[in-house]
Amino acid sequence: MKYFLIFIFILFNQALNAQNYANKQFALINYNLEISKEFRKDLKPLNSFIKSAEVHNKKAENKLKAILVHHFYYHMKDELEDYLKISILPVNTHMQKVKYDAFGYPNEKINKILRVGDASHYFKIDISLDSRTKDMKKKNEKLKGDITFPEIHIKVTVYNNEGMIPIDKWYGKKVTQDSVMVKKRFFRDLVDEKDIPAKPDEDKEQKSLLNLYYEAVDDLIKKI
């Protein structure tokens, strides 16, 4: 009975914390998207396709990141706002008071933000895009060709305006169990549709990279 009551108390506190976010304003303080060498190696057959893709950051040296970074951020923003009933301020809310990365996202630490911001809550995002392909091929020698086994991990760290200690951390991930063919359609909805070939009628459509990311975000939302 004692442990049951403790369990109920924990669930109640978690629910209460989630409800406390409703109608609050959140501001982004840092957004880090890491793409591993292993995953880039998997995509090597698409290097010329990736380099020729149209992106907002035309001078970006990291072209793959330029393709993904905005799609990844704004999908998560919409999902968090909808689920938590919060308002996430524009990424340039703090104007020239903070530093920004090459893609226009804040790149500051919480102690600096607390001095210049006026939101009730702040958050930072860490996303890692990795590959299990090498290990999977070692386990199964029949796996051949241009394939990838993407692995996506997301961590969101939440602060309030009262201090530098995080008040919450949310995690989500997507680990693919089946191989994904490395072909242009893997990037559908991420690049201009005219650059993506039509799906052959006889082909079974595999999940896109964006589909896999959506599943990682869904996993994170379910765990909040």
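Me: Does Asn23 count as buried or exposed?
Reply: This is a predicted model, where local features need pLDDT of at least 70, side-chain atom pairs count only at pLDDT 80 or more, and totals for chains, interfaces and linings use all residues. Residues are numbered from 1 along each chain as its sequence is written, and side-chain values use heavy atoms, leaving out hydrogens and water. Buried means under 20% relative accessible area, exposed over 50%, and partly exposed in between (Shrake-Rupley method, 1.4 Å probe, protein chains only). Asn23 has a relative accessibility of 72%, so it counts as exposed.

Me: Where is Asn23 found, and what is its phi?
Reply: Asn23 sits in the loop between H1 and E1, where helices (H or I, at least four residues) and strands (E, at least two) are DSSP runs numbered from the N terminus. Asn23 isn't a glycine, yet its phi is positive, at about 70°.

Me: What about Lys85: what is its phi near?
Reply: Lys85 is in the loop between H4 and strand E2 (87-88). Lys85 is a residue other than glycine with a positive phi, near 60°.

Me: Which helix gives the most to the positive patch?
Reply: A patch uses residues with over 30% relative accessible area and no salt bridge (Lys or Arg side-chain nitrogen within 4 Å of an Asp or Glu carboxyl oxygen), with like charges joined within 9 Å. Lys and Arg count as positive, and a Lys charge is placed at NZ. Here the patch is made by Lys41, Lys44, Lys134, Lys137, Lys138 and Lys144. Three of its residues come from one helix, residues 133-139, and that's H6.

Me: Is Lys144 buried or exposed?
Reply: Lys144 lies in the loop between H6 and strand E4 (147-148). Its relative accessible area is 62%, so Lys144 is exposed.

Me: Which element gives the most to the largest nonpolar core?
Reply: A nonpolar core is a set of buried Ala, Val, Leu, Ile, Met, Phe, Trp, Tyr and Cys residues joined through side-chain atoms within 4.5 Å. This one has 52 residues, and Tyr31, Leu68, Ile127, Ile154 and Phe187 touch the most other members. Elements giving two or more residues include strand E1 (25-35) and helix H7 (209-223). The top contributor, with ten residues, is H4.

Me: How far apart in space are Asn20 and Ile127, C-alpha to C-alpha?
Reply: Asn20 lies in helix H1 (residues 2-20) and is partly exposed, with a relative accessible area of 42%. Asn20 and Ile127 are 107 residues apart in sequence, and their C-alpha atoms are separated in space by 25 Å.

Technical notes
Patches are made of residues with over 30% relative accessible area and no salt bridge: like charges are joined within 9 Å, nonpolar side chains (Val, Leu, Ile, Met, Phe, Trp, Tyr) within 5 Å.
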